[in-house]
Each structure stands twice: as C-alpha cells, then as structure tokens.
Amino acid sequence: MAVENGKVGAAVEGKGWGLCRMPFFGGGGGAGGSSSLNSSSAYSLTQQQQQQQHRSTGQGQPEAGRRGSGGGSVSSVAKALLPTRRRLRLDPTTKIYFPYEPGKQVRSAVKIKNTSKSHVAFKFQTTAPKSCFMRPPGGILSPGESIIATVFKFVEPPENNEKPLEQKCKVKFKIVSLKVEGPMEYVPEMFDEQKDHVAVEQILRVVFLDPERPSPQLEKLKRQLAEADAALEARKKPPEDAGPRIVGEGLVIDEWKERRERYLARQQVEGVDSV
C-alpha cells in the first residue's frame, strides 16, 4: 500500500511538473513549453519597453490620445490659415485711383460699407505716411452704414526721364477692421489693445489715371469725390431743430424789461391818484 502511495505521489508530482511545462496559450510538450516561455518573456519585455517609453515622455496617455492632441494642434493651425470673413465692402475693391498731376496734391475716394450685423471700427494704414493722409483716418460704422473716405496724396515728379503714368508707384493702403460692441467713440488705440481680433480687410494698390483722358475709372472717381464733398458740407451744418421755437435769451430779457416798465408806470399812476 505504501508502494502504491509512492507511485501515486510520483504520478501526481509528474503531473504537476507537466502542468508547469504546459504552454500558457494552449500548447503542449517540451518544445511547446520552451516556445511559450520565450513568447511570454518577450511579451513582458514589450510591456516593460512601453512603460519605459511612457515614463520617458512623461505622458501616460495611449497613442490614440497623443494622436488626438496632435490633431487638435493641426486643427488650430488650419483655422489660422482659413481666410478671415470680411466685415466691410470696399469700392473700389483692390485699387485706389489718383489723377496723375506731378508736383501736386491729388485726391481719391474709397466707399466703405459695413456688411456685418455688428458695429465695426475701421482704420486706414499706408506705406507712405509722409505724403499721404486720409479723411477720416478711421471711424465706427453701424450695421449697413457706409461712408466715402477721401484720400490725399502728393504726386512726386517722374525720375530718370520717365514718361508720365509709366512710373511704378510702390505706395499701398491697407484697411483693417475690428468688431466692437455697440456705438462708441472712435479711438485709434483700440486697434493696439485688441490686435489679436483685428482683421485685414483689403490692401489697395495705387494706380494713376490720366486726367486728360476720359475713362470709366476717372468718371467714377469724380462722382465719389463729389459725394464725399457733399457729405462733408452736410456734417459741417448745424442740425436743424424740428421742435418748438425757443425764444432767445436776449428776447426774453427785453420782454421782461418791458413788463417791468409797464408795472412801474402803473404803480406811479395809482400812487398819484391815491394822493
């Protein structure tokens, strides 16, 4: 009986070693056991390498998370490259026309209209501030409001015996816009304080026109300048008062004096009669 127990113990012991030699993923036999050990050790090593890589990068996020964060940065860059939605409509759109009169100060005009649903501030900028200026240099337009700005420029005489209208003018004008909350007083500093929200509406290139040669651009320029002059004269006139007429201070004083004199005269007459 002891022998049988010994056999049973040996068998059980043999089965136990056999279980230890069995592969982890359904293999069998000695060769399979060694291959399973190699695969399990390689799997553990791969896990250790991944953990070390995560520690070195300082991020415990999976690769999908890292890709997601990278996608966010790519989307922000894509948004920055998208064209800004324009708030203003300019006429003319890309060029600003001046009559070519060397040695004189000439004028041009640009119509600016607010096409957005909010109040918009605009400002002129130029590459030649010493020879150019704008009137007005900036302002605030309500939704749908438009204005014709007048631009002044001194035309330099041609150099190197260049023919009129053949010299290339490098002067450019830039119009920027800024969305504001409701009507307010225009101050140029607002563009510096909120420069991250400033949008470039358009860059206008200077083009000279022959004043002696009729052209559609020259006729349109004359009409716009006439409209700008009329609007300027209208702004200079005092506003008409549609309410009731208010008597001036001088008239009120004169009427009060007359009433005072009549009262004193009546008092004198009454005093004489009582005596």
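User: Which residue in β9 does Phe-173 stand opposite?
Analyst: This is a predicted model. Strand β8 covers residues 172-180, and strand β9 covers residues 199-209. The two strands pair in the antiparallel sense over 6 bridges. In β9, the residue opposite Phe-173 is Leu-204.

User: In what order do the 5 strands of the open sheet stand?
Analyst: The protein has 6 helices and 9 strands. Of these strands, 5 form an open sheet with mixed pairing. The order is β2-β9-β8-β4-β6.

User: Why is one side of β2 and of β6 left without a neighbour in the sheet?
Analyst: β2 spans residues 95-99 and β6 spans 138-141. Each has a single partner strand, so one side stays without a neighbour, because both strands stand at the edges.

User: By what angle are neighbouring strands of this sheet turned against each other on average?
Analyst: The sheet in question is the open one that runs β2-β9-β8-β4-β6. With direction ignored, the average turn between neighbouring strands is 25°.

User: Which residues of the largest nonpolar core touch the most other members?
Analyst: This core holds 25 residues. Elements giving two or more residues to the core include β1, β3, β5 and β7, and also β2, β4, β8 and β9. The residues that touch the most other members are Ile-96, Phe-98, Ile-112, Phe-124, Val-151, Phe-173 and Ile-175.

User: Which residues does Phe-124 touch, not counting residues up to four places away in sequence?
Analyst: Phe-124 is one of the core residues that touch the most other members. A touch here requires heavy atoms within 4.5 Å. With residues up to four places away left out, the list is Ile-112, Met-134, Pro-136, Pro-137, Ala-149, Val-151, Lys-174 and Ile-175.

User: How many residues are in the other core?
Analyst: This core lies apart from the largest one. Its members include Ala-121, Leu-178, Val-180 and Phe-191. The count is 7 residues.

User: Where does Pro-136 lie, and what is the omega of the bond joining Arg-135 and Pro-136?
Analyst: Pro-136 is in the loop between β5 and β6. The peptide bond joining Arg-135 to Pro-136 is cis, and its omega is about -5°.

User: Which loop holds Pro-92?
Analyst: The peptide bond from Asp-91 to Pro-92 is cis, with omega near 5°. Pro-92 is found in the loop between β1 and β2.

User: What share of the residues in the protein is buried?
Analyst: A residue counts as buried under 20% relative accessible area. The protein has 275 residues, and the buried share is 24%.

Technical notes: Residues are numbered from 1 along each chain as its sequence is written. This is a predicted model: local features need pLDDT of at least 70, side-chain atom pairs count only at pLDDT 80 or more; totals for chains, interfaces and linings use all residues. Side-chain values use heavy atoms; hydrogens and water are left out. Helices (H or I, at least four residues) and strands (E, at least two) are DSSP runs, numbered from the N terminus. Buried means under 20% relative accessible area, exposed over 50%, partly exposed in between (1.4 Å probe, protein chains only). Two strands pair if DSSP finds at least two bridges between them. Axes are lines fitted to C-alpha atoms, for helices over the stretch in contact, and angles run from 0 to 180 degrees between N-to-C directions. A nonpolar core is a set of buried Ala, Val, Leu, Ile, Met, Phe, Trp, Tyr and Cys residues joined through side-chain atoms within 4.5 Å.
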